[in-house]
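Reader: I would like to go through this model with you and ask how its descriptive terms are justified. Could you show it first?

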Amino acid sequence: MKFTFEAFKVEFKNYCLRYLSSLHVEREAISSFGVFTDQDMSSFVLAYNTQEHIKNLVPKDSSSSEAELANLTNIWWIPEWKGSDETFDPKESQRFYLKLEKLAALLPSPLYKESLFNMYCEVLAEIKHSNSLPKHSSNFFVLVQEADNFGLRDSDKLKKILNELEWLEYVRFNKVFMGLD
């Protein structure tokens, strides 16, 4: 079977759905699900968060600006989320890394990164609007984040998976996180 970008997308979506179905969240609903990727998009981590996790991370004795930054970070910075697929299926993760190398060889660098980011957004949008999600909160959102990319250069793609209020809060997080607000 010939390796294609479309085949990778199908495999990636199935992997996301398998990971989501493996989550055992009984008391707390999932509030977000995302893909966090390194700067050259040679690897990724799937992650999820819950409202309970966010509340437990905000320091009780901090100033209002510190509390705001902590709250925004806990909501919008994927590495702070409750759990990830890092130990879910190590063999499958390794196979994905090898497939990402194949994809990188098929496409020139800028096109590879843009195509992959678009694909991640498309898959998460499909999952968000499917009936295959485990217990999730009414304000559930999906997010794709590239490490070290706070320029919001992917705003057109992210606006396809975030509603207007989520987008505005995500922009606010980026400004606060970068010290621009």
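Author: Here are your questions, each answered by setting a value against its definition.

Author: Before we start, this is a predicted model, where local features need pLDDT of at least 70, side-chain atom pairs count only at pLDDT 80 or more, and totals for chains, interfaces and linings use all residues. Residues are numbered from 1 along each chain as its sequence is written, and side-chain values use heavy atoms, with hydrogens and water left out.

Reader: Thanks! How many helices and strands does the protein have, and what makes a stretch count as one?

Author: There are seven helices and four strands, in the order α-β-β-α-α-β-α-α-β-α-α along the sequence. Both kinds of element are DSSP runs numbered from the N terminus: a helix is H or I with at least four residues, and a strand is E with at least two. Strand 3 covers residues 83–84, so it satisfies the rule of at least two.

Reader: Gly83 is in that strand; why is Gly83 called buried?

Author: Buried means under 20% relative accessible area, exposed over 50%, and partly exposed in between, with a 1.4 Å probe and protein chains only. Gly83 has 13%, so it is buried. Its contacts, meaning heavy atoms within 4.5 Å, are with Tyr19, Leu46, Ala47 and Tyr48, leaving aside residues up to four places away in sequence.

Reader: And Lys9 in helix 1: how do you know whether Lys9 is buried or exposed?

Author: The relative accessible area of Lys9 is 12%, so Lys9 counts as buried. Lys9 lies in helix 1, residues 5–22. Beyond residues up to four places away in sequence, Lys9 touches Met119, Glu122, Val123 and Glu126.

Reader: What makes Ser65 partly exposed?

Author: Ser65 has 48% relative accessibility, so the label is partly exposed. This residue belongs to helix 3. The C-alpha atoms of Ser65 and Val176 are 9.2 Å apart, although 111 residues separate them along the chain.

Reader: How do you know that the span of helix 3 agrees with what is expected?

Author: The expected span is 1.5 Å times one less than the number of residues. Helix 3 (residues 64–76) has 13 residues and should span 18 Å; the end C-alpha atoms are 18 Å apart, so the two agree. Its buried residues are Ala70, Leu72, Thr73, Asn74, Ile75 and Trp76, and their cover includes strand 2, helix 2, strand 4 and helix 7.

Reader: Why are helix 1 and helix 4 called roughly antiparallel?

Author: Their axes cross at roughly 155° and come within 11 Å. Axes are lines fitted to C-alpha atoms, for helices over the stretch in contact, and angles run from 0 to 180 degrees between N-to-C directions. Angles under 35 degrees count as roughly parallel, over 145 as roughly antiparallel, 65 to 115 as roughly perpendicular, and the rest as oblique. Helix 1 and helix 4 are therefore roughly antiparallel. Among the residues making this contact are Phe8 and Phe12 of helix 1 and Phe96 and Leu100 of helix 4.

Reader: What makes helix 3 oblique to helix 7?

Author: The axes of helix 3 and helix 7 cross at roughly 125° and come within 10 Å. That angle makes helix 3 oblique to helix 7. Residues of helix 3 including Leu72 and Trp76 meet residues of helix 7 including Tyr170 and Phe173.
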